[in-house]
Amino acid sequence: MKVLIAGARGQLGQAAQQVFRANQDDVLVWNRPQHDVTNPSITHEVVGANPDLLINAAAWTNVDGAESDPDGAYAANMLGPLYLAEGCRRCGARMIHVSTNEVFAGDSGRFYREYDQPNPGSVYARSKFAGEEAVRSTLTESYIVRVAWQFGVGENNFPSKMLAAGAKHKVLRVVNDEFGNPTYAKDVAHAMTKLIQHEHYGIYHLINEGRASRFELAQAALLQWGLGEVSLTPIAGSQWPRPTTPPGHAVLVNQAAATLGIQLRPWQEALAEYLIEKREQKA
């Protein structure tokens, strides 16, 4: 199978490269600036590449920055997916489009399933939901995969940032009233390989099992890394001012994929493996 990965430098893009290549698939990777998904010409490039499957992991991920540049966020998160989906439609490819738990309002106590109606609050979240709608309306043979609190290769994820901050400062203040599903990019990539074995197109929540607060995730990462001496103080999100207010309880439930036999392991197990691999890479 010929697999095209757009946004291949990101955490999920790199994980998908590794997993699909291990499956003996022919993997083609696209990154900016050579392949800019915000340029309408990307549609023709997809047709020219003629993949069997396109994985769109390209996105504007600067949540706070989207507030000051909505055009940039919508170009990457709505127009880009639209152009890619149109290319897939023209050449007969299937598509996995990656979205986010932040399309939901995150009401206290709510657990969101695939059929629940999104209610995005920030510019970033609205642009991501618009991208979902663009793909679904353009390409029938598409999977919308929502993920949350993703961690993987590199330092640009919450656990890695907490480890770096803990090692440097020894005292941290961490939000304890924002909840989500900590999710390992490699586990998502493995789940994708199983998902495409089924022609049940639609929305899927591919998240590691369980939920956590930011405080609980930071605490687990520090303990497993051997930084248990770091002093953690729980604070309310209101004490950490940002241009955007993240959804407080945008916790996803995997119902649709589970009915196909696709379930990701508990986040604690995934985090442990991630930190072991991270330590090995630093050795």
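Visitor: Is Cys-88 buried or exposed?
Guide: This is a predicted model, and the call rests on relative accessible area. Buried means under 20%. The relative accessibility of Cys-88 is 0%, so Cys-88 counts as buried.

Visitor: How many disulfides does the structure hold?
Guide: A disulfide needs two cysteine sulfur atoms within 2.5 Å. Cys-88 is in no disulfide, its nearest cysteine sulfur being that of Cys-91 at 5.6 Å. The number of disulfides in the structure is 0.

Visitor: Why is the sulfur of Cys-91 not in a bond with the closest cysteine sulfur?
Guide: Cys-91 is also buried, with a relative accessible area of 18%. The closest cysteine sulfur to that of Cys-91 belongs to Cys-88, and there is no bond because the separation is too far, at 5.6 Å.

Visitor: Which residue's side chain is joined to that of Asp-187 by a polar contact?
Guide: Asp-187 lies in helix H6, residues 185–195, and is buried at 9% relative accessibility. Leaving out residues up to four places away in sequence, Asp-187 touches Leu-264, Arg-265, Ala-270 and Asn-208. The polar contact from the Asp-187 side chain spans 2.9 Å, and the partner is Asn-208.

Visitor: In which sense do strands S1 and S2 pair?
Guide: S1 covers residues 2–6 and S2 covers residues 26–30, with 5 bridges between them. Within this pairing, Val-3 stands opposite Val-27 of S2. The sense is parallel.

Visitor: What is the handedness of the β-α-β crossover from S1 to S2?
Guide: After S1 the chain passes through helix H1, residues 11–22, before reaching S2. The crossover is right-handed.

Definitions and conventions:
Residues are numbered from 1 along each chain as its sequence is written. This is a predicted model: local features need pLDDT of at least 70, side-chain atom pairs count only at pLDDT 80 or more; totals for chains, interfaces and linings use all residues. Side-chain values use heavy atoms; hydrogens and water are left out. Helices (H or I, at least four residues) and strands (E, at least two) are DSSP runs, numbered from the N terminus. Buried means under 20% relative accessible area, exposed over 50%, partly exposed in between (1.4 Å probe, protein chains only). A polar contact is a pair of N or O atoms within 3.5 Å; within protein, one must be able to donate a hydrogen and the other to accept it, and residues adjacent in sequence count only if both atoms are side-chain atoms. Contact means heavy atoms within 4.5 Å. Two strands pair if DSSP finds at least two bridges between them. A crossover is right-handed if, with the strands pointing away from the viewer, the path from the first strand over the helix to the second runs clockwise.
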